[in-house]
Amino acid sequence: MQRLETSWKSWVEGLGLKENTNKIRVVCRRRAIEQELKVLGAQDAWFAPSARALGIDFTGFAPAAARATAEERARKALMRAQRVQLAPVPVAMREEMAAYLVTSLASWGCWLFEVGKGGCWGRLQAGIDKGLYCYRTMGASSLRRMLSGHALHVKVRASLSAVAELFNVVSRGMAPQWRGRALKGSWVQRVRVQLREWGWALVRPWTWHHARHGEICFLDGRSKDRAMHMVRESWREACFWEWLRTNRRDPPGLSPVYLPVRWFSTGGGWTPGAAL
C-alpha cells in the first residue's frame, strides 16, 4: 500500500496534476491491516467497509457489508421479471426474455461472492419461475434446472460468469498472484470453491481436472469455449445426481448414468463450432 501511494504521488507530480484525495477508498480484509496502514500515515477518511469500482462491490472484513450495487441490479431485474410474467407471449418467448433481460442483468459482476437464495435474490428467482412455470411446486427443482438451462437461473449464471471472466483475465496474461490457499472473499477463491462443488479437482495452478469431462487450463485462451462447455456440463451432471438422490418415484426407473445426449435431445446444447 505504501509503495503504491508513493508511486502514484510521483506520477501525479510528474504530470503536474493534483490528486483528489477525497475519492480514495481503502477496503481492508482484516482489521490488523487497517491499523498498520494508519500507523504508516493513511488517513481515517480513506477507509470504508465497501467500495464500488467499475460497477462491482468490494467488501472488507465485515461480511454483512451491503453489496449495494449488486442488490440494486437484482431489484431492477425483479421489476423486469414481473413485466415478463405479464407479457402476452408464449412461454418459449418469455424464457428468451428472462435470459436476455433479467438474469443477464442480475448476474453480471457477481464475481467476488456467491449469489444467495434469500432476500432480493430469492424473490428474483421466484419471480422468474413464476413467469415460466405454471406449477412451480411440482416436479424436482434439480431436474427443472437441468432441463431449462443455466441461463434462467441467476445463481448458476453468476457462478459461470465468475469462471468465464476469470478465464479471460488469466488467459490474457493478467492473472492475479496464485496462492496455495486462496484469500477468503477473493475472485480466485470464489471460482475454486465453485469448481470443486461441480466435481473439479485442482491439479496445478490454473488447471482443473474432472473425472468425466477431462482437464481445463485457464492459461490456454484458445480452449475457452470447450472449457466453459465442460464446466456447464459438469453443472448439469451435478443437477442430475442431485435429482437421483431425491426420494422421488421417477429416478429409480432410469439408468443411474449421466448421458449428455438425453439433455441435448430435450433442452438443446452446445456443439463444437456452434455459437455460444
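# Strands, helices and buried residues

User: How many bridges join E4 to strand E5, and in which sense do these strands run?

Analyst: In this predicted model, strand E5 (residues 214–217) is joined to E4 by four bridges, and the two strands run antiparallel. Since pairing requires at least two bridges between two strands, the four bridges between E4 and E5 satisfy the criterion, and E4 and E5 therefore count as paired. Among the partners that can be named, Glu 215 in E5 is the bridge partner of His 209, and Cys 217 in E5 is that of Thr 207. The two strands form a hairpin, with three residues between them.

User: What makes E3 and E4 a pair, and in which sense do they pair?

Analyst: Strand E3 (residues 200–204) and strand E4 (residues 207–210) share four bridges in the antiparallel sense, and because at least two are required, the pair E3 and E4 qualifies as well. Here Trp 200 stands opposite His 210 in E4, and the hairpin that E3 and E4 make has two residues between the strands.

User: Which strands are called edge strands, and why?

Analyst: The open sheet consists of three strands in the order E3-E4-E5, with antiparallel pairing. E3 and E5 are its edge strands, as each of them pairs on one side only. From one strand to the next, the twist averages 30°. Across E3, E4 and E5 lies helix H9, running at about 130° to E5.

User: What makes the phi of Trp 206 worth a remark?

Analyst: Trp 206 is not a glycine, and yet its phi is positive, at about 70°. Most residues other than glycine have a negative phi. Trp 206 is placed in the loop between E3 and E4, and its relative accessible area is 6%; because the limit for a buried residue is under 20%, Trp 206 counts as buried. A positive phi is also found at Gly 149, just after helix H6, where the value is about 100°. Within H6 (residues 141–148), the buried residues include Ser 142, Arg 144 and Met 146.

User: How do you know how H7 and H9 are oriented to each other?

Analyst: The axes of helix H7 (residues 154–171) and helix H9 (residues 224–245) come within 11 Å and cross at roughly 155°. Because an angle over 145 degrees counts as roughly antiparallel, the crossing of roughly 155° puts H7 and H9 in that class, and they are therefore roughly antiparallel to each other. The crossing in which H7 passes H9 is right-handed.

User: Which residues make the contact, and on which helix does each lie?

Analyst: On H7 the contact is made by Val 156, Leu 160, Val 163, Ala 164, Phe 167 and Asn 168, and on H9 by Lys 224, Ala 227, Met 228, Val 231, Arg 232 and Trp 235. By class, nine of the residues in the contact of H7 with H9 are nonpolar, one is polar and two are charged.

User: Why does Gln 125 count as buried?

Analyst: Gln 125 lies in helix H5 (residues 119–132), and its relative accessibility is 17%. Because buried means under 20%, the value of 17% places Gln 125 in the buried class. If its neighbours within four places in sequence are left aside, Gln 125 is in contact with Leu 152, His 153 and Val 154.

User: How do you know whether Gln 194 is buried or exposed?

Analyst: Gln 194, which is found in helix H8 (residues 187–197), has a relative accessible area of 3%. Set against the cut-off of under 20%, that value makes Gln 194 a buried residue. Apart from neighbours within four places in sequence, Gln 194 is in contact with Glu 114 and Ser 159. Its C-alpha atom is separated by 9.8 Å from that of Trp 235, a residue 41 places away along the chain.

User: What share of the residues of the protein count as buried?

Analyst: The protein has 276 residues, of which 39% count as buried, and it has 10 helices and five strands. Among the contacts with a separation of 6 or more, 57% are made by residues 24 or more positions apart.

Notes:
Residues are numbered from 1 along each chain as its sequence is written. This is a predicted model: local features need pLDDT of at least 70, side-chain atom pairs count only at pLDDT 80 or more; totals for chains, interfaces and linings use all residues. Side-chain values use heavy atoms; hydrogens and water are left out. Axes are lines fitted to C-alpha atoms, for helices over the stretch in contact, and angles run from 0 to 180 degrees between N-to-C directions. Angles under 35 degrees count as roughly parallel, over 145 as roughly antiparallel, 65 to 115 as roughly perpendicular and the rest as oblique. A crossing is left-handed if the near helix is turned anticlockwise from the far one by less than a right angle, and right-handed if clockwise. Contact means heavy atoms within 4.5 Å. Ala, Val, Leu, Ile, Met, Phe, Trp, Tyr, Cys and Pro count as nonpolar, Asp, Glu, Lys and Arg as charged, and the others, Gly among them, as polar. Buried means under 20% relative accessible area, exposed over 50%, partly exposed in between (1.4 Å probe, protein chains only).
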